[in-house]
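Open the model in your viewer and keep the selection panel at hand. The stops below say what to select next and what to look for there.

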Amino acid sequence: MKKTVLMLTAVLILTVVGSVFAQSEIICASTTSTENSGLFNYILPLFEKKTGIKVKVVARGTGAAIEMGRRGDADMAFVHAKEQELRAVAEGFFVNRHDVMYNDFVIIGPTDDPAKIKGMKSAADALKKIAERGAAFVSRGDNSGTNTKELSLWEKVGVDPKGQKWYLEVGQGMEKTQRIANEKSAYTLTDRGTWLATKDKDKLGMVIVLEDDPVLFNQYGVMAVNPEKHKHVKYTEATEFINWLISKEGQQAIASFKDSLGNHLFYPNAE
Amino acid sequence: MSSLLEAFGKAFSLMLHLNAELLAIIVLSVKVSGTALVIATLLGLPLSAYFGFKKFPVKGLMISLLNTFMGLPPVVVGLFVYLLLSRSGPLGFMALLYTPTAMIVAQSILAFPIVTSLSHSAIISVDPLIKQASLTLGATPFQTSVTILREARYGIMSAIIAAFGRVMAEVGAILIVGGNIAGFTRVMTTTIALETDKGNFELALALGIILLGISLLINLALHVVQKRGLVGVRS
């Protein structure tokens, strides 16, 4: 017993010492959609091999990821809610923001489409119709990028869905939200990447009922935490990663990423 | 049903072909929870003995508080430690957030009340005659305390095992303070949560089965230690 205690104490000390002598590492606050798609597993080794910088990804919703940066708990953010990002930049918490890539959102619903959305062109009008019919709608409800987009659509048509009987805020990640929508025969807004990657695996009896509305464009951006706000952040390394992501090489890496089913999930569009 | 069977099959094949990544996750789980348990025990056991042997005002209140903290939701502990260790928090300068150390801190807080409270119960249930006999036979108060602790050791061991079960199974706190960073702070439970999120139910369940298996091994080992202690006393 004494030996075990000694050993475990030694392990603890090593852990503490180890964290002090950390090499060149940065923490990137990002979102579940990027992490779960496998994008980071694909591109990070390429960047690490080239620069020796290890990128540690903490996946949260976009809102939480930006908050991590504001508090100085991350060195950079890789998220998808451009308005929130620009606001955080304007407030001085982030600098060096760039568009990196995009995909798009789609509205999915039960195969029999009870609110008759198929054939409509405007996502906002579609939501309005769902509200009028009182068809079930599942919302992420977690201040994520997807949730932000959804709320902006409700606002556009002047509907306040909160508290309505047909409106379910689940506070879960995208894939779980899709599954809940499936179980409840409800509509939901999802990103095409998650939808493509999971519809077969999760045996979702759902279809895309609306797509290709320009308003459903889903822009991903990167930005570094402002070193003037938080002195300890690894601004140089974070900037190096950002520059790589928007370089020809990084953009090609993003373009060549495919999920396990062979779908392209993200399209590079850095300027 | 088929996915349950599949999970067992997968768990079995995972254990047979243990890859380096999974092994690292398992090792980190045991390391974090084990270290937290040692810290909680080193702090909790003396405190429980103090509570058991000494009389002082507000003792009842403190024990009730400890009992309440046994039911602390891990997420709350995680949030508390997060705010403490965040760069914008009081201990931010230590740069401990999103490290295994932060996870150890959170789990120590979770394990501490369990070790302390249950050990205290074990100590006060020791037959008072033993204390009297020990004192009558001329033992010093310290020697008497050691005797009582020896008598209570099975209860104390149960307390430690209960605390181990709690931290090994816990996901809420370490997810918040560890960040579930691949290859760095990802442990069994956070991997299970992640794989469930990703819809890899069979893999998640398989990992759960492995986690249970590890807990079983550790409990068996502790049981052996207990048994040996018993033989030692009788001979």
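Select chain B and switch on its contacts. Of those with a separation of 6 or more, 77% join residues 24 or more positions apart. This is a predicted model. Chain B averages a pLDDT of 89, and 96% of its residues score at least 70.

Now show chain B as a cartoon. There are 11 helices and 0 strands. Along the sequence the pattern is α-α-α-α-α-α-α-α-α-α-α. Turn the chain along its principal axes: the C-alpha atoms fill a box of roughly 65 × 50 × 30 Å. Of the 235 residues in chain B, 39% are buried.

**Stop 1: helix 5 of chain B**

Select residues 100-124 of chain B, which form helix 5. Put a distance between the C-alpha atoms at its two ends. The value is 36 Å. At 1.5 Å a residue, 25 residues should span 36 Å, so the two figures agree.

Now look along the helix for a bend. Where is the bend in helix 5 of chain B? Centre on Ala111(B), where helix 5 bends by about 30 degrees. A proline follows within four residues: Pro113(B).

Next, colour helix 5 by burial. How many of its 25 residues are buried? The count is 23, so helix 5 of chain B is largely enclosed by the rest of the structure.

**Stop 2: the nonpolar cores**

Stay with helix 5 and bring chain A back into view. The largest nonpolar core has 99 residues. Select Met76(A), Ala106(B) and Val177(B), the residues with the most contacts inside this core. Helix 5 of chain B gives the most to this core, with 14 residues. In soluble globular proteins, nonpolar side chains tend to be buried together.

A second, separate core has 26 residues. To find it, select Ile130(A), Ala136(A), Phe137(A) and Val209(A), which are among its members.

Return to Met76(A) and show its contacts, leaving aside neighbours within four places in sequence. Which residues are in contact with Met76(A)? Ile26(A) and Cys28(A) are two of them. Val222(A), Met223(A), Ala224(A) and Val225(A) form a run on the list. Ala238(A), Phe241(A) and Ile242(A) complete it.

**Stop 3: where the chains meet**

Select the residues of each chain that touch the other. Chain A contributes 26 residues to the contact and chain B contributes 22. On the side of chain B that touches chain A, helix 2 (20-53) and helix 5 are the elements that give two or more residues. Helix 2 of chain B gives the most to that side, with 4 residues. Colour the same side of chain B by class: 10 residues are nonpolar, 8 are polar and 4 are charged. For the complex, the predictor gives an ipTM of 0.75 and a pTM of 0.80.

**Stop 4: Ile130(B)**

Move to helix 6 of chain B, residues 128-136, and pick Ile130(B). Ile130(B) has 15 C-beta neighbours inside 10 Å, so it counts as partly exposed. Beyond four places in sequence, Ile130(B) is in contact with Thr147(B), Ile148(B) and Glu151(B). Add Lys31(B) to the selection. Lys31(B) and Ile130(B) are 99 residues apart in sequence, and their C-alpha atoms are 38 Å apart in space.

**Stop 5: chain A**

Hide chain B. Chain A has 11 helices and 10 strands. Its C-alpha trace spans about 65 × 55 × 35 Å along the principal axes. Buried residues make up 46% of its 271 residues. Among contacts in chain A with a separation of 6 or more, 76% link residues 24 or more positions apart.

Colour chain A by pLDDT. The mean is 90, and 92% of its residues reach 70 or more. Which element of chain A has the lowest mean pLDDT? Select residues 2-20: helix 1 has the lowest, at 57. Helix 10 of chain A, residues 235-246, has the highest, at 97. Then select residues 18-22 of chain A, where pLDDT stays under 50. The model has 2 contacts beyond four places in sequence for this stretch.

Finish at Lys248(A), in helix 11 (residues 248-256) of chain A. Is Lys248(A) buried or exposed? Lys248(A) has 9 other C-beta atoms within 10 Å, so it is exposed. Draw a last distance to Phe93(A), 155 residues away along the chain: the two C-alpha atoms are separated by 27 Å.

Note on methods. Residues are numbered from 1 along each chain as its sequence is written. Chains are lettered from A and ligands numbered from 1 in the order in which they are written. This is a predicted model: local features need pLDDT of at least 70, side-chain atom pairs count only at pLDDT 80 or more; totals for chains, interfaces and linings use all residues. The expected span of a helix is 1.5 Å times one less than its number of residues. The bend at a residue is the angle between axes fitted to the seven residues ending there and the seven starting there. A residue is buried if 20 or more other C-beta atoms lie within 10 Å of its own, exposed if 12 or fewer, and partly exposed in between; C-beta atoms are placed from the backbone. A nonpolar core is a set of buried Ala, Val, Leu, Ile, Met, Phe, Trp, Tyr and Cys residues joined through C-beta atoms within 7 Å. Two residues are in contact if their C-beta atoms, placed from the backbone, lie within 7 Å. Ala, Val, Leu, Ile, Met, Phe, Trp, Tyr, Cys and Pro count as nonpolar, Asp, Glu, Lys and Arg as charged, and the others, Gly among them, as polar. pLDDT is the predictor's confidence in each residue, from 0 to 100.
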